[in-house]
Amino acid sequence: MLVEAQRNRGALRRVTGLARSTPGRLSLVALLLIVVSLLVGAVTAWSVQRRSDALEALADRSEPLAFAAQEVYRAMADADATASSAFLSGGVESAALRARYEADVAKAAAALSAATSEITRSPELTRALSTLSGQLPVYTGLVETARAHNRQGNPVGAAYLREASTLMRTRLLPAARELYGVETGNVVRDLEDAGSLPWLEFLLGVLALVVLVLAQRYLTRKTNRVLNPGLVVATALTAISLLWVLVASLLVVHNASASKNEATVVDLLARARIATLTARGDETLTLVARGSGATYEAEYVEADRALDDLLGRLRLVNGTPPVVEAVEHHARWQQAHREIRAADEAGDFTTAVALALGQDARGAATAFDALDSDLVDAIGTARAELTDAIGRARAGLGGTVPAVVVLALLAAAASVFGLWQRLKEYR
Amino acid sequence: MRRLLVVLALVVTGCAPVPSGAPPIGGGTPVPPRPAEAVELTAPPSTAGVPSESCDPTASLRPTGPLPPPGQMPAGSTMARIQQRGRLIAGVDQNTYLMGFRNPFSGELEGFDVDLVREVARAIFGDPGAIQFTVVTSEQRVPTLERGEVDIVVRTMTATCERWRKVNFSTVYLQAGQRVLVPSNSDVTDIDGLGGKRVCATKGSSSLANVATRPTKPVPVAVAHWTDCLVMLQQGQVDAISTDDTILAGFAAQDPYTKVVGPQFAAEPYGMAFPKADEDFVRFVNALLERLRADGTWTRLHQRWLGDPPVPPVAVYRD
């Protein structure tokens, strides 16, 4: 212990002794410059890397996962609406409706396996995901039982379909909604991480420059030369590094804010599409319940109001042709729905069903299909723009980290070289 | 000393393994699906336990005379109002096979109850199709009539004294009785063998009240529609269904792995139900029922839906 303390004191004395002589001070300045350049370089590189990681997480995980979650939700809501339509149409369901239902189930299962692949990223989703993957086979089992009974003319088939629909509405869809909410939240969080202003990088760069300028002034006072070439080069390299980082980061910030707008549009569109499917399911189930469907009609009104609101907001932020058409088709559907309700309430059930399911241009089915395909188009475009913006942001950061590291190393080397020139004079 | 510290550090870190952050797989306990609104009752429904009052629920209002010809309803009567409207609004069921059900192929409502509604429409309009069907659940039958949303309810509805206070009934058009349906491999032989077991019936039905008040204490499970009971029986969520033999026959026809057992332990005389105010309509329909019993229509309809017809129920009147 005693020996150790003596040794420490010896080291301290050596450093203070070094500081008393000019060559010693020059050596200390060189050391300081090396440390500052390397430290600033390392921290800046780490900060840029973090931004780049956030973008990578966004492009490779959260955005695709949010899309997968949206697909899970959409496919399940569509499967439910399609199954009720098939039932309402009577007899054995049409090949088209059957194909649509099968495609929905396949899509839901595939999207679910994509959504489940990153389960460790959002542990709070464990319950929702296990509900989704556990109950989807139960749901399809019930629908198939309903089909088997329908084909034999047993009215109990309708009860199985009701049970399936209840399962969908009370367990599967809420879990899908939770999944979608969390994954969309992850997208927003990653976008915010990537789009934060580069204050740290800026302050560190300025710090390095200030230290270099101070060192230069110290040298000017100690020696008679105005400029030290090594330090000038080091200062220039540090400034280049700072500029590079700032330009690249601000480019990312700019693209991230564009992405955020696109992400909002995608979210609004996705929610509009889900509201569309929910409203369609409710419209059909109101007719299936035949006079005892007041709760379904109330749910339709609620979904339709949400859809109206979402389309209104979309029109403000994104007036693209598919969105404008969607608004138009929605108005047509609302008109058709009013006619359906009027016919049903007047006791004309057959006309009401024909208006709801028929391929008449005035009917609800046509307007609903048109609205849905408008939303699909709009989602496709908005999502392509979102991934483009993220891609542009990532491109901006390409090569920044190695450049920062190399520039920091070169700046340190230049500083040492510059001071070495002066130190040599004391030999 | 230092070596000891190194060994200690190794031991300590060796003792504290870092657990995986991956969540467990889950799904250990499957959650079976249930029909909407299915509940296991812990207390008897409010309609249960009402003491049978000193009334004969099967006695209805006497017809005032012969039926007026179709399309010529007496002015100011309920029937004239319905004729004016152009359609009869009837509350029926679409879930009770053979009584009132939706034919999965055609999408049309069919059954014994539905055919009787068509006879009523034929008597008013001369057209058995001038009907707006409204599907009502067991629970909604009385409230729908009280709100005046339907002209008539023909939906396996038992005439009881308690219900007579809120609605009017026609004379009895079918004499049903409550029995028990169990899986064919069950060794239960009657309702009293079901103590502590789950027995399904619809909300607001007299069957549910009868199950809940049995002294052997079966556990009543209430659902919205009759077919929900069959779903729960097939999924093993209930041990039996107990209701009128007419409804049970419909279940047995849909599932060959079930059997109807035990004696009729409660008489369930079916009547058509009307809003309390529409007494003239009740008398009109009672006159119609007299005719249907006499001219063989009743027998024909029974043969079509429920099999070999017994003697039609005898009309009882309270004037």
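This tour moves through chain B of a predicted model, from the whole chain to one helix and then to the side that touches chain A.

**The whole of chain B**

Begin by selecting chain B and displaying it as a cartoon. Ten helices and 16 strands make up its list of elements. Chain B has 319 residues, and 48% of them count as buried. Consider next the contacts in chain B between residues at least 6 apart in sequence: 73% of these join residues at least 24 apart.

**Helix H2**

Now select residues 78-85 of chain B, which form helix H2. Which residues of this helix are buried? They are Thr78(B), Met79(B) and Ile82(B). Turn the view to look down the axis of H2(B): the buried residues fall within an arc of 100 degrees, so they line one face of the helix.

To see what covers these buried residues, add strand S3 (88-92), helix H3 (112-125) and helix H9 (279-294) of chain B, which are among the covering parts. Then step just past the end of H2(B) to Gly86(B), where phi is positive, at about 95 degrees.

**The side that touches chain A**

Finally, show chain A together with chain B. Here 32 residues of chain B are in contact with 28 residues of chain A. Select strand S5 (100-102), strand S7 (131-135) and helix H7 (226-234) of chain B; these are the elements that each give two or more residues to the side touching chain A. Colouring this side of chain B by residue class shows 15 nonpolar, 14 polar and three charged residues.

Conventions. Residues numbered from 1 in each chain as written. Chains lettered and ligands numbered in written order. Predicted model: local features only at pLDDT ≥ 70, side-chain atom pairs only at ≥ 80, totals over all residues. Helix = DSSP H or I, 4+ residues; strand = E, 2+ residues; numbered from the N terminus. Buried ≥ 20, exposed ≤ 12 C-beta atoms within 10 Å, placed from the backbone. Contact = placed C-beta atoms within 7 Å. Arc of directions from axis to C-beta. Nonpolar A, V, L, I, M, F, W, Y, C, P; charged D, E, K, R; others polar.
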